[in-house]
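Here are my notes for someone opening this one up for the first time. Have a look at the picture, then read the points in whatever order you like.

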Amino acid sequence: MDIIFIIGAVFDPLSLLIILAGVVAGLVIGGMPGLTANLGVALLLPVTFSLEVTEALLLLTSLYTSAIYGGSFAAILLRTPGTSASAATAIDGYELTKQGKFDTAIRVATFSSVVGGAASGVALLLLAPPLSLLSLKFGPAEYFMLAVFGLTVIGTLSSGNLLKGLMAGALGLLISVVGMDLNSGFPRFTFGISPLSSGFDFVPVVIGLFSVSQAFLMCEDVHSTIQKAEITVRKWRYLPTWAEFRDIRGTLARSSLIGVFVGILPGAGGDIGSWVSYNEARRFSRDKESFGRGSIVGVSASETANNAVTGSSLIPLLTLGIPGSATAAILLGALIVHGLVPGRALFTEHANITYTVIFGFILANLMMGVVGMVLAKRMASVALVPQVILVPIILILSVVGSYSLGNNIFDVWTMLIFGVIGYLMRKTGFNPAPMILGLILGPIAEAGYHQSLVLAPTTVFSYILNSWIALTLLVLSVLSILSAARIEWKRVREGRKTPSVMTPQNDNN
C-alpha cells in the first residue's frame, strides 16, 4: 500500500469531480420517493463500464451514501421518506418543520449523517477483517433472535399507546407472510392474485403508508402551508449549535456503533439500523415524551445509524464477498465486472485501489454534508408552498417512484391501498411505524425460525439458546419489553393523575 499514491489518487481533480457527481446524483435520487439507493447504483452501473475501476467504485460508493442521506430531505419537509431508511426520520423531522424549525431538523440530520457515514468509513478502514468475522457467527438462530429483538422496538414506537402499537406491528407481520412459502412452495393469502405470489413489495408499502397518507391528510386543509413562520437567511446555520450538539452527542456515538454493527450483518440494512437506533435513543432519553413531537435526538438517531450502515455494509463485501445490503450486492457485481474478486487480494495485490476507494468514501461523506446544507438552504421554501400545490407533487412522485421500481402497475395499486390504510390508521391514532417494522422483520424471523427448526437436533428453542449471541439478544429482548411496559405503566399512572391536577387550574381560569 502506497500512502502517497492513495492520497494523490483521492485528491486528483478527476476523482474529486467524480465524487461530487456521485454525491449530487445520490442527493437527487434519495430525495425522490421510491428512487432508492439500490435503483441509483443499478442505473449508474452501466455508466461505470467505461471508467477505470477506481473511478467507477468512487462514483458508486459516493452515490450510495449520499442517497441514504438524501432521503431525509423529503422526510423532514413533507413526511415523505425519500428512502425507506429515512422513515424513522420523518416522525420527528416533519414535526419540527411544522413548528417552523426545518433549518434545525436538516442541520441536525446533515451533521448526524456525516458523522455516521464517516464513522462507518473509519470502521471500514481499520476494522474490516476482524468485524467481518463476527458476521460469520450469525446463523439462523442468531438472525431469528435479532428479528425478535427488533420487534420489541414496537413497544417504544407506539406513540403513547402500547396496545395500538402491538396491533399495528401484528398487522405488519401478517402482511409480511403474504406470498409463496419458500419451504413448502404453497401460496399464502394470495386469493388467486398472481402478483401477490411474491408478496407485497416493501417500497410501495412504505410510500403508501407515509407519503400518500400524508397527501390525504393535507387534502383536509389544502390552502394552508406546512410551516407557518418563514426561515430567514440570517438565521441559517450550517453546523449545530452547542446546545444542539450537547443534546445529540451521546446519540451520535451510540447510533454510530449500532449502524456499524447492523451494517456488517448481511441483509439487515439501514432500515433496521435506523429503527433500532431510534428506539435506543428514546430508551436512553430523559425526555421520552418529546419523541414523535419534534425531537432532534430522534432525527439524529435515525440519520446517524442509516448512514453508519453504508460503510460497514462494505466490510463483509470486500473481505468475504458477502454483501451487507442490497446496494452492496450491486457493488459486488461492479467489483466482478471490473475484474476484482473480494477477499484478501483486495487488501494485498489491489491495496492501492481498495484504500483509495475507502478514503474516497470518507471524503464523499464530508462533501455530502457541504453540498447537502447548500441545497437545504434553498429547499426550506418548500415548507411555505401551499399544500394545494404540494399534494399533487407528492402523489405524482409517489406514483412514479412505485411504478419505476419494477415497471409494474400492481405496485401503484399497492401504494394507493396502503395510502388509504395509512390515512385511516393515523386518523384513528395508530402509528404506521410499528407496521413497517413488522413488515421488515417478519421474513427475517420466519426464515431464521424455519432454518433453526430444520437444523435443531432436539428442540428448536434449545438450539436457539445454545448460541451465546442468540442468548444475549434474548436478554436484550426481555429488557426491551420490560422497558416498554414500564413506559406504558408510567403513562397510564400519570394519565390517571391528570384530571385531579388540572381541575383546580381550570377552575381558577
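1. Let's begin with a small puzzle: how are Lys 98 and Glu 95 placed relative to one another in helix H5? They are three residues apart in that helix, which spans residues 87-98, so about one helical turn separates them. Their side chains meet in a salt bridge, with 3.4 Å from N to O. Lys 98 counts as partly exposed because its relative accessibility is 37%.

2. Before going further, keep in mind that this is a predicted model. The average pLDDT of the protein chain is 78, and 82% of the residues score at least 70. The stretch to treat with care is residues 497-509: pLDDT stays under 50 there, and the model gives this stretch zero contacts beyond four places in sequence.

3. Now the overall picture. The protein chain has 20 helices and two strands. Of its 509 residues, 56% are buried. Take the contacts in the chain with a separation of 6 or more: 80% of them are between residues 24 or more positions apart. On the outside, the chain exposes about 21,600 Å², and 68% of that comes from carbon and sulfur atoms.

4. What about the inside? The largest nonpolar core holds 115 residues, and Leu 209, Trp 275 and Ile 436 are the ones with the most contacts inside it. Helix H4, residues 53-78, gives the most to this core, namely 14 residues. Apart from this core there is another one, made of five residues, including Val 203, Ile 207, Val 212 and Met 415.

5. Ile 436 is a good residue to click on if you want to see how the big core is put together. Which residues does Ile 436 touch, once those up to four places away in sequence are set aside? The answer is Phe 202, Val 205, Val 206, Leu 209, Phe 210 and Trp 275. Two of these names, Leu 209 and Trp 275, came up already among the residues with the most contacts inside the core.

6. Back to helix H4 for a moment, since Thr 54 is found there. Is Thr 54 buried or exposed? Its relative accessibility is 18%, so Thr 54 counts as buried. Ignoring neighbours within four places in sequence, Thr 54 is in contact with Ile 353, Thr 356 and Val 357.

7. Ile 29 sits in helix H2, which covers residues 13-31. With a relative accessible area of 16%, Ile 29 is buried. In sequence, Ile 29 and Gly 70 are 41 residues apart, while in space their C-alpha atoms are 7.3 Å apart.

8. On charges: how many salt bridges does a search of the whole structure find? It finds four. Besides the pair in point 1, look at Arg 283 and Glu 280, whose side chains meet at 2.9 Å, N to O. Both residues belong to helix H11 (residues 269-284) and are three residues apart, so again about one helical turn lies between them. Arg 283 and Glu 280 are both buried.

9. Another salt bridge joins the side chains of Arg 188 and Glu 446, at 2.5 Å from N to O. This pair links distant parts of the chain, with Arg 188 in strand S2 (residues 187-188) and Glu 446 in helix H18 (residues 432-455), 258 residues apart.

10. Phe 189 deserves a look too. This residue lies in the loop between S2 and helix H9 (202-218). Most residues other than glycine have a negative phi. Phe 189, though not a glycine, has a positive phi of about 55 degrees. With a relative accessible area of 45%, Phe 189 is partly exposed.

11. Last, the surface. Where is there a nonpolar patch of about 580 Å²? Leu 465, Leu 471, Val 475, Leu 476, Val 478, Leu 479 and Leu 482 make it. Helix H20 (residues 468-508) gives the most to this patch, with six residues. Val 478 is found in helix H20, and its relative accessibility of 40% is why Val 478 counts as partly exposed.

Key. Residues are numbered from 1 along each chain as its sequence is written. Side-chain values use heavy atoms; hydrogens and water are left out. A nonpolar core is a set of buried Ala, Val, Leu, Ile, Met, Phe, Trp, Tyr and Cys residues joined through side-chain atoms within 4.5 Å. Buried means under 20% relative accessible area, exposed over 50%, partly exposed in between (1.4 Å probe, protein chains only). Helices (H or I, at least four residues) and strands (E, at least two) are DSSP runs, numbered from the N terminus. Contact means heavy atoms within 4.5 Å. Accessible areas come from the Shrake-Rupley method with a 1.4 Å probe; for residues, only the protein chains shown count as cover. Patches are made of residues with over 30% relative accessible area and no salt bridge: like charges are joined within 9 Å, nonpolar side chains (Val, Leu, Ile, Met, Phe, Trp, Tyr) within 5 Å. pLDDT is the predictor's confidence in each residue, from 0 to 100.
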